[in-house]
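Dear colleague,

Here is the structure I promised to pass on to you. Please open it and look it over before you read the notes underneath.

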Amino acid sequence: MTVHKSQGSEYANVLLVVPPTGARRLLTKELIYTAITRAKSLAILCGAKEVLKDAIRHRIVRESGVLG
């Protein structure tokens with residue numbers, strides 16, 4: 001199941017597998033947070049340390065289009 005489909009749900013255990021290459025623009029701090037907070041008891045992150053560090057440093061930047 002994808003992290004996005006799991007939003008609003010809880011699971012006893014969560015395994016997040018982070019690809020070694022590709023999909024870097026989709027890996028964000030918010031995605032990691034969402035995956036971890038779905039777990040009631042155990043969250044396991046599986047991936048290269050540098051890829052996970054990059055994901056945690058990468059935040060979503062939203063543009064609302066509203067000028068203030």
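What follows is a short account of what was found in it.

Please keep in mind that this is a predicted model. The protein chain contains three helices and two strands, and from the N terminus on these elements run in the order α-β-α-β-α. Of its 68 residues, 24% count as buried. If you take the contacts between residues at least 6 apart in sequence, 80% of them join residues at least 24 apart.

A good place to begin is helix 2, which covers residues 29-37 and in which Leu31, Ile32, Thr34 and Ala35 are buried. These residues lie on the same side of helix 2, because they cover an arc of only 160 degrees around the axis. As for what they pack against, the partners are helix 1 (3-6), strand 1 (11-17), strand 2 (39-46) and helix 3 (49-57).

Some of these residues return in the largest nonpolar core, which has ten residues, including Leu31, Ile32 and Ala35 together with Val3, Leu16 and Val18. Helix 2 and helix 3 each supply at least two residues of this core. Val18 is a useful core residue to follow by eye: leaving aside its neighbours within four places in sequence, Val18 is in contact with Leu27, Cys46, Gly47, Val51 and Leu52.

The surface has a nonpolar part as well, since carbon and sulfur atoms supply 57% of the roughly 5400 Å² that the protein chain exposes. Leu15, Val17, Leu42 and Ile44 form a nonpolar patch there, with about 370 Å² of accessible area together, and strand 1 and strand 2 are the elements that give two or more residues to this patch. Val17, which is found in strand 1, counts as exposed because its relative accessibility is 56%, where the cut-off for exposed is over 50%.

Finally, the structure holds two salt bridges. In one of them Lys53 pairs with Glu50, the closest N and O atoms being 3.7 Å apart, and in the other the side chains of Arg57 and Asp54 meet at 2.7 Å, N to O. Lys53 and Glu50 both lie in helix 3, three residues apart, which is about one turn of the helix, and Arg57 and Asp54 also both lie in helix 3, three residues apart. An α-helix has 3.6 residues a turn, so residues three or four places apart point the same way. Arg57 is exposed, with a relative accessible area of 56%, whereas Asp54 is partly exposed at 31% relative accessibility.

With best wishes

Conventions: Residues numbered from 1 in each chain as written. Predicted model: local features only at pLDDT ≥ 70, side-chain atom pairs only at ≥ 80, totals over all residues. Heavy atoms only, no water. Buried < 20%, exposed > 50% of the residue type's maximum accessible area, 1.4 Å probe, protein only. Helix = DSSP H or I, 4+ residues; strand = E, 2+ residues; numbered from the N terminus. Arc of directions from axis to C-beta. Contact = heavy atoms within 4.5 Å. Areas by Shrake-Rupley, 256 points an atom, 1.4 Å probe, with all protein chains shown as cover. Patch = residues over 30% accessible without salt bridge, like charges linked within 9 Å, V, L, I, M, F, W, Y side chains within 5 Å. Salt bridge = Lys/Arg side-chain N within 4 Å of Asp/Glu carboxyl O. Core = buried A, V, L, I, M, F, W, Y, C linked by side-chain atoms within 4.5 Å.
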